[in-house]
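Take a short walk through this model, one helix contact and one helix face at a time. Keep the viewer open as you read.

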Amino acid sequence: MQGLSKEQQKVYQQIELSGDKGIWVRDIKLATGIQQQTITKALKILESRRLIKSVQGVHSKTKKLYMLYDVGEPNRRDRWVMWAEFARQCPRRKSPAEFGTPATSSTTGSS
């Protein structure tokens, strides 16, 4: 980490904290309070030194995630864990029979 500015070290530390989840530029900006232009420059320097890498996001294919260079791919398990939590917390939907109406009630008129 020698030869890095304080801002570059802060950016690196945030990426390091993200682990195998990765981190978006916006989250780096919020966590460090560093300006966008300075973050972009720091990311380029860190990538050129092979300390970090950019990968395609799990949740959004258009946004880049940044991870440490030696970490594998982003953890995709989180997406399924979040979905399971959501499904568990949602109220069960009532079937048409529970509302008192038959599920297949159709009236045909004769002309």
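Which residues in α2 meet which residues in α3? The model is a predicted one. From α2 come V25, I28, K29 and T32. From α3 come Q36, I39 and L43. By type, the residues of this contact divide into 4 nonpolar, 2 polar and 1 charged.

Now look at the geometry of that pair. Helix α2 covers residues 25-32, and helix α3 covers residues 36-48. Their axes come within 10 Å and cross at roughly 115 degrees. The crossing of α2 past α3 is right-handed.

Turn next to helix α1, residues 6-18. Start with its length. A rise of 1.5 Å a residue predicts a span of 18 Å for the 13 residues of α1. The end C-alpha atoms of α1 are 19 Å apart, so the two values agree.

Then consider its faces. Q8, V11, Y12, I15 and S18 are the buried residues of α1. They lie on the same side of α1, because the arc they cover around the axis is only 115 degrees. The spacing rule is simple: an α-helix has 3.6 residues a turn, so residues three or four places apart point the same way.

What covers the buried residues of α1? The cover includes α2 and α3, along with β1 (52-56) and β2 (64-68). The other side of α1 has K6 and L17, which are exposed.

Finish at the end of the helix. G19 comes just after α1 and takes a positive phi of about 60 degrees.

Key:
Residues are numbered from 1 along each chain as its sequence is written. This is a predicted model: local features need pLDDT of at least 70, side-chain atom pairs count only at pLDDT 80 or more; totals for chains, interfaces and linings use all residues. Side-chain values use heavy atoms; hydrogens and water are left out. Axes are lines fitted to C-alpha atoms, for helices over the stretch in contact, and angles run from 0 to 180 degrees between N-to-C directions. Helices (H or I, at least four residues) and strands (E, at least two) are DSSP runs, numbered from the N terminus. A crossing is left-handed if the near helix is turned anticlockwise from the far one by less than a right angle, and right-handed if clockwise. Contact means heavy atoms within 4.5 Å. Ala, Val, Leu, Ile, Met, Phe, Trp, Tyr, Cys and Pro count as nonpolar, Asp, Glu, Lys and Arg as charged, and the others, Gly among them, as polar. The expected span of a helix is 1.5 Å times one less than its number of residues. Buried means under 20% relative accessible area, exposed over 50%, partly exposed in between (1.4 Å probe, protein chains only). The arc is that of the directions from the helix axis to the C-beta atoms.
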